Amino acid sequence: MDSLCFEYIVLTQATLNRGNLPVMDILFACSEAHPLIKTGGLADVSGSLPRAIKNLKQEIRLILPAYPVARGNAGILRLVSEISLPGSQRPVRILHGRLPHTRVQLYLIDAPEYFDRAGGPYSTPAGKDWPDNAARFALFARAVCAVAMNQAGLDWKPDLVHCNDWQTGLVPALLSLQAKRPATIFTIHNLAYQGLFGWDQFKALQLPHDWWSLDTLEFHDKISFIKGGLVFSDWITTVSPTYAKEIRTTEFGCGLEGLLEHRKDRLTGILNGVDYQVWSPGRDRLLPQTYTARTLESKLKNKAALQGTFGLPAKAEIALFGHVGRLVEQKGLDLILDLLPELLKRPMQLVFLGTGEARLEQALRKAHRQHQDRIGVQIDYDEKLAHLLEAGSDVFLMPSRFEPCGLNQLYSLRYATPPIVRNTGGLADSVIDANGPNLYQHTATGFVFEQARPRQLLRAIDRALNLFNRQDVWKDLQQTGMREDFSWSRSASTYVDLYEQVLKHPRTTTPDSPGTSPRQKLSEALI
Ligand code: ADP
């Protein structure tokens, strides 16, 4: 049996068997969390998974940098500690509060020289990476470790630290140097972002010299923060079962497939959930008109509002295709752009909301200028408009080249906006193609195509247009999608099972976890 399937069955079994097991103390470390600060799906996950785990009666606390926006959105905060850390001239302050609207305790790491600046969490207002990102997230990792080792004056020591993406990659590495350390889990939300920095920056971080080596943090003559998580953590997870398999291949592994293959016995894919308190059309306060599966006709009011917002003619009968997301190569926007001449021959309107690469922003602006009555574009980050776009579109376009999990397709299912997706990662794990048998059995929820090629996407779009004109079939497709349940409760249980399982394993201070191969074998796997 495939080891990932086996893992899943073992974990699910553990969920069923869980009785009154003791409460675990968990520190959840991340670089963004909704509603404090958000650039993408990581924030959605970090804002909702801890709450779902807290609801399972575990003591989970969230820790992230005290960016000004996050501080502003956090509500009441109290200074609870000041610590000295390598890399910071001044003592680092720890602020304590709650993740808004939850019982989850929150620590914000306040180091003004690194985090108190205008701009994004990773980039300048002009969109360039902060030049000192290595120092910023090394300092954050050191602060997380101080809390994890109960050396931050908080009188609390977690059993386990759950790290997320490269910004927290140094945490498992640094903790591996400690005796009696908590267990570590590292979640890959997107393997393409690795936190790579040059030799000079590595030297300045004052990390152990022997970490500049293939079997620890070095990656093609750079230091790789994500490798800290992949090499040193006790367990690796990623955000969908299919992506967990894909990242062990050359096509999706971003050069780390050898390492991930080597660690496959400790690699689990757990599909993200949706926070249906935020993303439900029946109670969404950001919509002009709420609706449910029974009042689907009310969705049309959102469509009219969306057409109005984007300056498109308010026509109910024309199919409106929407896309929201970061404008980057990964999301396959160029496939849509390539198809524009073809799409304009069809009875459809298109709306786009996003920010990202300049060339894609420019191409969208140009398309809008040339076809203002057919194509609406907002180059912006706008939470409210994203909700309207999910609700007001008829079809959601998400032709990602790869997609670790993807949240927008999950939202669009709930908003009765069937998604068009590529058969990859979390998209493959969450959308059921509207082919003949699936339509017949009332299990279809969207349109799936195989290869990231414009022609394949076009065929999926034509299939959608065809069904859009068959009202009963379309309504059935919408309602089947709305009924799908991707709430956090199931995924959160699986995480808690995994935490329990990881805590049962003895820990080690050498790379690559106990019971697996020695260093030399790891080096071989990496070549
Ligand atoms: P990723 O994490 O790769 O960006 P996901 O689909 O997992 O992609 O999550 C993206 C999240 O960010 C969703 O909640 C989406 O609505 C939001 N988002 C992305 N771009 C924008 C934007 N321009 N305006 C508003 N929300 C956005």
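**View 1. A buried asparagine at the end of a strand.** Asparagine 164 is buried, because its relative accessible area is 1% and buried means under 20% relative accessible area, with exposed meaning over 50% and partly exposed in between, for a 1.4 Å probe and protein chains only. The place of asparagine 164 is in strand β6, residues 160-164, where helices (H or I, at least four residues) and strands (E, at least two) are DSSP runs numbered from the N terminus. Asparagine 164 and phenylalanine 186 are 22 residues apart in sequence, yet their C-alpha atoms are 5.7 Å apart in space. This view and the others show a predicted model, in which local features need pLDDT of at least 70 and side-chain atom pairs count only at pLDDT 80 or more, whereas totals for chains, interfaces and linings use all residues. Residues are numbered from 1 along each chain as its sequence is written, and side-chain values use heavy atoms, with hydrogens and water left out.

**View 2. The surroundings of the ligand.** Around the ligand there are 20 residues, of which Gly41, Asp44, Arg326, Lys331 and Asp380 come nearest; a residue is counted as near a molecule or strand if one of its heavy atoms lies within 4 Å of it. By class, this shell holds seven nonpolar, six polar and seven charged residues, where Ala, Val, Leu, Ile, Met, Phe, Trp, Tyr, Cys and Pro count as nonpolar, Asp, Glu, Lys and Arg as charged, and the others, Gly among them, as polar. At least three residues of the shell come from each of domain 1 (3-274 + 492-526) and domain 2 (296-483), with domain bounds taken from an automatic or database domain assignment.

**View 3. Polar atoms beside the ligand.** An oxygen atom of the ligand lies 2.6 Å from a polar side-chain atom of aspartate 44, in a view that concerns polar contacts, meaning pairs of N or O atoms within 3.5 Å; within protein, one must be able to donate a hydrogen and the other to accept it, and residues adjacent in sequence count only if both atoms are side-chain atoms. A polar backbone atom of aspartate 380 is 2.8 Å from a nitrogen atom of the ligand, and a polar backbone atom of aspartate 382 is 3.0 Å from a nitrogen atom of the ligand. On its own the ligand has 560 Å² of accessible area, of which the protein covers 94%; accessible areas come from the Shrake-Rupley method with a 1.4 Å probe, and for residues only the protein chains shown count as cover. The elements that give two or more residues to the shell are α2 (41-55), β14 (348-354), α14 (383-392) and α15 (408-414).

**View 4. Helix α5 and the residue that follows.** Helix α5, residues 133-148, has 16 residues and reaches 22 Å from its first C-alpha to its last, close to the 22 Å expected at 1.5 Å a residue, the expected span being 1.5 Å times one less than the number of residues. Of the 16 residues of α5, 15 are buried, and the helix is mostly covered. After α5 comes asparagine 150, whose phi is positive, near 55°.

**View 5. Backbone angles in three loops.** Most residues other than glycine have a negative phi, and most peptide bonds are trans. The peptide bond from histidine 34 to proline 35 is cis, with omega near 10°, and proline 35 is found in the loop between β1 (25-29) and α2. Histidine 101, although not a glycine, has a positive phi of about 65°; this histidine 101 lies in the loop between β4 and β5 (105-110) and counts as exposed because its relative accessibility is 76%. Histidine 442 also has a positive phi, near 60°, and its place is in the loop between α17 (436-440) and β18 (447-449), where histidine 442 is partly exposed, with a relative accessible area of 47%.

**View 6. Arginine 93 in a strand.** The place of arginine 93 is in strand β4, residues 92-98, and arginine 93 counts as partly exposed because its relative accessibility is 28%. Glutamate 82 is 11 residues from arginine 93 along the chain, and their C-alpha atoms are separated by 4.4 Å.
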